[in-house]
Amino acid sequence: MKFINIGFGNMVSAGRIVAIASPDSEPIKRLVRDAKEEGRVIDVSCGRRTRAVIVTDSEHVILSAIQAETITNRLSNDDGDESDDSDIE
C-alpha cells in the first residue's frame, strides 16, 4: 500500500484517490460546500489556504495546503513519503 504525503505529516492512500483538483473553480467549490454539509470533508490544511482538493473513492473530500501539481507529482513518483512542503506559503 502506497501513501502520499499531502502536507504537515498527513498521508492518504494512493489507491483511494479518485481526483486531485484546484479549489478555484465553481464546481469544485460546490463539491466542497456540499461535502461540508454532509460531513465528508477532511481539512488537513492546518489553517492555511486550500490549494488542492482530493476526492477519494469513499466520497470523502480532503482539503490540503499543498498544490495539486505537487501532490500529482508525488503520486506519480515512487517516493510518496517525500516531506518537502516548500510550496506552502
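Me: How much of the protein is buried, and what makes a residue count as that?
Reply: Buried residues make up 39% of the 89 residues in this predicted model. A residue gets the label when its relative accessible area is under 20%.

Me: What does the surface look like in terms of area and atoms?
Reply: About 5200 Å² is exposed, and carbon and sulfur atoms supply 46% of that.

Me: What is the order of the elements?
Reply: Starting at the N terminus, you go β-β-β-α-β-β-β-α. That's two helices and six strands.

Me: Which strands make up the open sheet, and in what order?
Reply: Four strands do, in the order β3-β5-β6-β4, with mixed pairing. The edges are β3 (17-21) and β4 (41-43), as each of them pairs on one side only. On average, neighbouring strands in this sheet are turned by 20° against each other, direction ignored.

Me: What makes the pairing mixed?
Reply: Look at the pairs one by one. β3 and β5 run antiparallel, joined by four bridges, and I17 has T56 as its bridge partner in β5. β5 and β6 are antiparallel too, again with four bridges; here A52 is partnered by S64 in β6. β4 and β6 (residues 61-64), on the other hand, run parallel.

Me: How do you know that β4 and β6 count as paired?
Reply: Pairing takes at least two bridges between the strands, and β4 and β6 have three. One of the partnerships is V41 with V61 in β6.

Me: What links β5 to β6 along the chain?
Reply: The two form a hairpin with four residues between them. E59 sits in that turn and has a positive phi of about 65°.

Me: Why is β5 called largely enclosed?
Reply: Because five of its five residues are buried, which means each of them falls under the 20% cut-off. Both faces are covered: A52, I54 and T56 are buried on one side, V53 and V55 on the other. In general, side chains of a regular strand alternate between the two faces of the sheet.

Me: Which helices lie against these strands?
Reply: Helix α1 (residues 26-38) lies across β3, β4, β5 (52-56) and β6, and runs at about 115° to β6. Helix α2 (residues 68-76) also packs on the sheet, where it touches β3, β5 and β6; its direction makes about 145° with that of β3.

Me: How do you know that R16 and D57 form a salt bridge?
Reply: The cut-off is a side-chain nitrogen within 4 Å of a carboxyl oxygen, and the closest N and O atoms of R16 and D57 are 2.6 Å apart, so the pair qualifies. The link spans distant parts of the chain: R16 is in the loop between β2 and β3, D57 in the loop between β5 and β6, 41 residues apart.

Me: Are R16 and D57 buried, exposed or partly exposed?
Reply: R16 has a relative accessible area of 41%, so it is partly exposed. D57 gets the same label at 44%, because partly exposed covers what lies between the 20% and 50% limits.

Me: What about the salt bridge of R40, and why do its two partners get opposite labels?
Reply: R40 pairs with E38, with the closest N and O atoms 2.8 Å apart. R40 has a relative accessible area of 17%, so it is buried. E38 comes in at 53%, so it is exposed. A search of the whole structure finds two salt bridges.

Me: Which residues form the nonpolar surface patch?
Reply: M1, F3 and M11 do, with about 370 Å² of accessible area together. M11 belongs to strand β2 (residues 10-13). Patch members need over 30% relative accessible area, and M11 has 41%, so it passes.

Me: What makes the phi of F8 worth a look?
Reply: F8 has a positive phi of about 55° although it is not a glycine. Most residues other than glycine have a negative phi. F8 is in the loop between β1 (3-7) and β2, and at 32% relative accessibility it counts as partly exposed. C46, in the loop between β4 and β5, likewise has a positive phi of about 55° without being a glycine.

Conventions. Residues are numbered from 1 along each chain as its sequence is written. This is a predicted model: local features need pLDDT of at least 70, side-chain atom pairs count only at pLDDT 80 or more; totals for chains, interfaces and linings use all residues. Side-chain values use heavy atoms; hydrogens and water are left out. Patches are made of residues with over 30% relative accessible area and no salt bridge: like charges are joined within 9 Å, nonpolar side chains (Val, Leu, Ile, Met, Phe, Trp, Tyr) within 5 Å. Accessible areas come from the Shrake-Rupley method with a 1.4 Å probe; for residues, only the protein chains shown count as cover. Buried means under 20% relative accessible area, exposed over 50%, partly exposed in between (1.4 Å probe, protein chains only). Axes are lines fitted to C-alpha atoms, for helices over the stretch in contact, and angles run from 0 to 180 degrees between N-to-C directions. Contact means heavy atoms within 4.5 Å.
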